[in-house]
Each structure stands twice: as structure tokens, then as C-alpha cells.
Amino acid sequence: MTIYRKRGLYNFLPPSQYHIKEKAASVSLLKNMHKVDGKKITSGTKEWADFNINLIDGCAHNCRYCYAKKMAVRFGRKTEATWGTMRIRERDVNKAYRKKKGRIMFPTSHDIVPEEPFFKACMTVLEKLLRADNSVLVTTKPHLQVVRYICEHFKKFMDKIQFRFTITSMDDTKLADWEPGAPNFQERLESLKYASQAGFKTSISIEPCLDEDPRKLVEILKPYVTESIWLGCMNYSGKYPFNSTETLKKWVQWFEKEELMRFKDSIKRRLRS
Ligand code: SF4
């Protein structure tokens, strides 16, 4: 447990990094695992943003570990077999969006795919959010075509957008196994490079990390990341061999001194127990 007391404490701080101090220091991590600056530590998407916006049921990426899928199946909105079939909720596309007090994460229970009519629907909502002066964390397993479009068409909203690209491994065999409908590693890397070179804020989610040793992945991504790299482990798919407690401890040791690195609540909870 002493490992948590050492330097790199800020790496465990919760999401609110954009409105609470990202690198608060003098708190005992163990004592304050549930609170920082008097504010409750949150988990899931609330680690990153105050609001979630979605407009589609289902997701063609069809990740095996998808929490949104598990919830949809549990509550009878979808089945395992129908999750990959996307359906636009027209009401959520057509409605007006106002400025929210806090950052919006978009999307969280589906992804932005280049296929129509889903792409146009997503861009319509993104434009409404930005025109309403919202700060948007665009969270996606990125398709290059999608990222190019956003960089070109929403350039004037650049200061309101931060990309968060999910890149869970550089091994395409693992990606195809766990995230069968999502782009391969090269396309995700190209997307990151494109957004970074276009001057946008970029960050990465390596959650769930599909590798035992993500150091090489982090080294490859780092030059193109302006904000943060979030590392997390498998949450809902039972025992994942590469996410043992011993492995998580190694991750903390490897990355605690890395300025860009942040540890997701999935790791904090596992190491707390
Ligand atoms: S991309 Fe996200 S929403 Fe889509 S299936 Fe994967 S985890 Fe679920």
C-alpha cells in the first residue's frame, strides 16, 4: 500500500481535473480515497465529465466488455445479438441543446461511426452542443474519416473540444477479439496524429487495457497527446488474465512519475480491496 503514498499522487485524482485542481497535492490518498477537496470522487463516465449525451441505441463496434450493452441487455432494451444494430433516437437529434454547467462527454453509450445516417446524426448533435458554447469531450474509438471531418468542420470550436481516443492495445488480434467492429490500431493512431497535428486537444483512454505491459503503447502515443493518458483495467468481464492485482501494481510503479498518466477508478478500486 505504501506505493500510493509515494509521489505521483496526482495521478490518482478524479476526473474533475478540468475544474478542480488537477494536481492537488497534500492529501493522503488512503485517507481521502473517496474525497478530494471535499468533493466526492466519482467513477465511470463521471470521472471525466458532468454530463453524457447520446442519440443512438446500440453500437456497431460491439465490444465484448461494453457496459452500455450489458445494461441494455439487462433492462430488455437490446439483446446480445441486436446490440450491433444501431438505431437513431430522432427525438435526441432534433431537440435543442443548451449550455450546460460542466463538461459534456459525447457519446458514451455508442460510438461515432462514419456510416450514414449515423454519422450525420452525430455531427448534427455535436454541432448543436458546440453552438450552445458547451465544452465537449469527444470520446471515441476513432475512425480517421470521422476525426478528419470534426477537425475540419469544427475548427472554430477547437478550444471547446477535447478528443479522448480509446486505444486499448496495439495488438490487432486482441482488438479484433474484444472490439470486433472498431478500427484497428493503425487507424486509431493515425486519428490521434491527425487531431494533434490539427492543433486539437488530445487525450487517450487505455481502458480496459488489453495488455499486460502497456509501456510500449504509451511511448508510441505520448508524442501526440496534449492532455492526459488514462489507464484502466477490465471491469465487467470476470477475470481478465492481464489485469491481475500484481499487474496493476506494476502499472502504478511504471507510470506514477509520468506527467501525462492518470489511473482510472477501476484500478483504484481493485487496489483498495
Ligand atoms: S465503442 Fe463503446 S459503446 Fe460501442 S460497443 Fe464499444 S464500449 Fe460499447
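## Overall make-up

The protein has nine helices and eleven strands. The model is predicted. Of its 273 residues, 38% count as buried. Among contacts in the protein with a separation of 6 or more, 76% are between residues 24 or more positions apart.

## Around the ligand

The ligand is surrounded by 13 residues. Those that come nearest are Cys-59, His-61, Cys-63, Cys-66 and Asp-111. By class, the shell around the ligand splits into five nonpolar, four polar and four charged residues.

## Helix H4 against helix H6

Helix H4 covers residues 144-153, and helix H6 covers residues 185-197. They pack at an angle of about 10°, with their axes 9 Å apart. H4 is therefore roughly parallel to H6, since angles under 35 degrees fall in that class.

On the H4 side, the contact is made by Leu-144, Val-147, Arg-148 and Cys-151. On the H6 side, Glu-187, Glu-190, Ser-191, Tyr-194 and Ala-195 take part. The residues of this contact of H4 with H6 divide into five nonpolar, one polar and three charged. The spacing has a general background: an α-helix has 3.6 residues a turn, so residues three or four places apart point the same way.

## Helix H8 against helix H9

H8 and H9 pack at an angle of about 120°, and their axes lie 10 Å apart. That angle makes H8 oblique to H9. The crossing of H8 past H9 is left-handed.

From H8, the residues in the contact are Thr-245, Leu-248 and Lys-249. They meet Ile-267, Arg-270 and Leu-271 of H9. In the contact of H8 with H9, three residues are nonpolar, one is polar and two are charged.

## What covers H9

Helix H9 runs over residues 265-272. Its buried residues are Asp-265, Ser-266, Ile-267 and Lys-268. Ile-267 is thus on both lists: it is buried, and it belongs to the contact with H8.

Which elements cover these buried residues of H9? The cover includes helix H8 (245-255). It also includes two strands, E10 (229-231) and E11 (261-263).

## Cis peptide bonds

Most peptide bonds are trans. Two bonds described here are cis. One joins Phe-106 and Pro-107, with omega of about -15°. Pro-107 is found in the loop between strand E6 (104-106) and helix H3 (118-131).

The other runs from Glu-207 to Pro-208 and has omega near 0°. Pro-208 lies in the loop between strand E9 (201-206) and helix H7 (215-221).

## Positive phi outside glycine

Most residues other than glycine have a negative phi. Asn-62 has a positive phi of about 50°, although it is not a glycine. Asn-62 sits in the loop between strand E4 (56-57) and helix H1 (67-74).

Asp-133 is not a glycine either, and its phi is positive at about 70°. Asp-133 is found in the loop between H3 and strand E7 (136-140).

Is each of these loop residues buried, partly exposed or exposed? Asn-62 counts as partly exposed because it has 18 C-beta neighbours inside 10 Å, and a residue needs 20 or more to be buried. Asp-133 has 11 other C-beta atoms within 10 Å, so it is exposed; the limit for that class is 12 or fewer.

Definitions and conventions:
Residues are numbered from 1 along each chain as its sequence is written. This is a predicted model: local features need pLDDT of at least 70, side-chain atom pairs count only at pLDDT 80 or more; totals for chains, interfaces and linings use all residues. Helices (H or I, at least four residues) and strands (E, at least two) are DSSP runs, numbered from the N terminus. Two residues are in contact if their C-beta atoms, placed from the backbone, lie within 7 Å. Axes are lines fitted to C-alpha atoms, for helices over the stretch in contact, and angles run from 0 to 180 degrees between N-to-C directions. Angles under 35 degrees count as roughly parallel, over 145 as roughly antiparallel, 65 to 115 as roughly perpendicular and the rest as oblique. A crossing is left-handed if the near helix is turned anticlockwise from the far one by less than a right angle, and right-handed if clockwise. Ala, Val, Leu, Ile, Met, Phe, Trp, Tyr, Cys and Pro count as nonpolar, Asp, Glu, Lys and Arg as charged, and the others, Gly among them, as polar. A residue is near a molecule or strand if its C-beta atom, placed from the backbone, lies within 6 Å of it.
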